[in-house]
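Visitor: I'm new to this one. Can you walk me through it, bit by bit?

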Amino acid sequence: MIVVKQLLEHCSRAFGSREELYQSDEADVLIAVFPPTRRRGWWTYVTLELFRAGSTECLMYSYKFEREMITLLARVAAQVMRKGKQQQLRYRLAPGEVFFLESSILEASSLDFVIATPADYEEDGFDYFTNGAEVVRFMMLHAIARSEAAFAQNHGLDALEELFASADVDSLDFMRTPAI
């Protein structure tokens with residue numbers, strides 16, 4: 001519980017706001033939700049106990065509070081924990097890993113996968129936390145469509161990021177049209 005409290009403090013300092021804590025039936029992890037601030041115009045959702053399965057915590061973002069994000073983030077956390085248990089050694093979530101959400105990120109959205117990337121929206125120094133005993137990395141999860149997930153698996157994360165940049169994809173718009 002000490003590391004969870006330290007992670008909360010790390011996130012609160014970075015995001016400039018206090019969190020609301022949620023528990024989901026989808027996975028046995030706490031999820032902290034941070035409201036927007038003047039400096040940060042989006043909601044931030046963060047797993048807090050996933051590090052035990054793989055030294056990584058996950059972030060998702062939205063322009064408005066979406067309760068469904070808690071469930072979807074917990075579904076990804078459950079998949080990460082399963083991978084951690086399957087591998088005898090400490091599992092570490094890698095950039096470019098794709099996860100199926102079992103449902104669209106929002107009703108009427110075509111985005112039903114997420115892809116792990118470095119925490120690009122955060123200031124330098126946020127992406128790793130250490131207390132001397134534990135090192136925890138933060139990864140951002142981007143909502144993507146099935147076609148974009150297939151593209152990333154065939155061509156890699158860098159190619160998908162280039163495609164998103166050229167198509168001017170807004171990663172926080174869950175109603176966006178897929179780039180492919």
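Here is a short chat about strands, cysteines, helices and a few single residues.

Visitor: Before we start, what kind of model is this?

Guide: It is a predicted model.

Visitor: Okay, strands. Is S2 buried or exposed for the most part, and why?

Guide: Strand S2 covers residues 27-34. Seven of its eight residues are buried, so S2 is largely enclosed by the rest of the structure.

Visitor: How many bridges join S1 to S2?

Guide: Five bridges join strand S1, residues 20-24, to S2. The two strands run antiparallel.

Visitor: Which residue in S2 is the bridge partner of Leu21?

Guide: Leu21 has Ala32 as its bridge partner in S2.

Visitor: And what do S1 and S2 form?

Guide: S1 and S2 form a hairpin. Two residues sit between the strands.

Visitor: What about S2 and S3, how many bridges there?

Guide: Four bridges. S3 is the strand at residues 43-47, and its pairing with S2 is antiparallel. Ile31 has Thr47 as its bridge partner in S3.

Visitor: Where do side chains point in a strand?

Guide: As a general rule, side chains in a regular strand alternate between the two faces of the sheet.

Visitor: New topic. How many disulfides does the structure hold?

Guide: Zero.

Visitor: Why no bond for Cys11?

Guide: The closest cysteine sulfur to that of Cys11 is in Cys58, and it is 12 Å away. That is too far for a bond. A disulfide here needs the sulfur atoms within 2.5 Å.

Visitor: And from the side of Cys58, which cysteine sulfur is closest?

Guide: The one in Cys11, at 12 Å. Again, that is too far for a bond.

Visitor: Are those two cysteines buried or exposed?

Guide: Cys11 has 0% relative accessibility, so it counts as buried. Cys58 has 1%, so Cys58 counts as buried. The cut-off for buried is under 20%.

Visitor: On to helices. Which residues of H5 are buried?

Guide: H5 spans residues 157-166, and Leu157, Leu160 and Phe164 are buried in it. They cover an arc of only 60 degrees around the axis, so they lie on the same side of H5.

Visitor: What does the face turned away from the buried side carry?

Guide: That face of H5 carries the exposed residues Asp158, Glu162, Ala165 and Ser166.

Visitor: What do the buried residues of H5 pack against?

Guide: Two strands and a helix: S6 at 111-118, S8 at 135-145 and helix H4 at 146-155.

Visitor: At what angle do the axes of H4 and H5 cross?

Guide: At roughly 130 degrees, and the axes come within 7 Å. H4 and H5 are therefore oblique to each other. On the H4 side, the contact is made by Glu148, Phe151, Ala152 and His155. On the H5 side, it is made by Leu157, Ala159, Leu160, Leu163 and Phe164.

Visitor: What comes just after H5?

Guide: Asp168 lies in the segment after H5. It has a positive phi of about 55 degrees although it is not a glycine.

Visitor: Why point out the sign of phi?

Guide: Most residues other than glycine have a negative phi.

Visitor: Is Asp168 buried or exposed?

Guide: Exposed, with a relative accessible area of 67%.

Visitor: What is the phi of Glu102?

Guide: Positive, at about 75 degrees, and Glu102 is not a glycine. It lies in the loop between strand S5, residues 98-100, and S6. At 52% relative accessibility, Glu102 counts as exposed.

Visitor: Where does Gly125 lie?

Guide: In the loop between S6 and strand S7, which is at 128-130. Gly125 counts as exposed, at 51% relative accessibility. Its C-alpha atom is 9.5 Å from that of Ala14, and the two residues are 111 apart along the chain.

Visitor: Last one. Where does Tyr91 lie?

Guide: In the loop between helix H3, residues 67-86, and S5. Tyr91 is buried, with a relative accessible area of 5%.

Visitor: Which residues does Tyr91 touch?

Guide: Leaving out residues up to four places away in sequence, Tyr91 touches Ala53, Gly54, Ser55, Val80, Lys83, Gly84, Glu97 and Phe99.

Visitor: And how far apart in space are Tyr91 and Val135?

Guide: 13 Å, C-alpha to C-alpha. In sequence, Tyr91 and Val135 are 44 residues apart.

Definitions and conventions: Residues are numbered from 1 along each chain as its sequence is written. This is a predicted model: local features need pLDDT of at least 70, side-chain atom pairs count only at pLDDT 80 or more; totals for chains, interfaces and linings use all residues. Side-chain values use heavy atoms; hydrogens and water are left out. Buried means under 20% relative accessible area, exposed over 50%, partly exposed in between (1.4 Å probe, protein chains only). Two strands pair if DSSP finds at least two bridges between them. The arc is that of the directions from the helix axis to the C-beta atoms. Contact means heavy atoms within 4.5 Å. Axes are lines fitted to C-alpha atoms, for helices over the stretch in contact, and angles run from 0 to 180 degrees between N-to-C directions. Angles under 35 degrees count as roughly parallel, over 145 as roughly antiparallel, 65 to 115 as roughly perpendicular and the rest as oblique.
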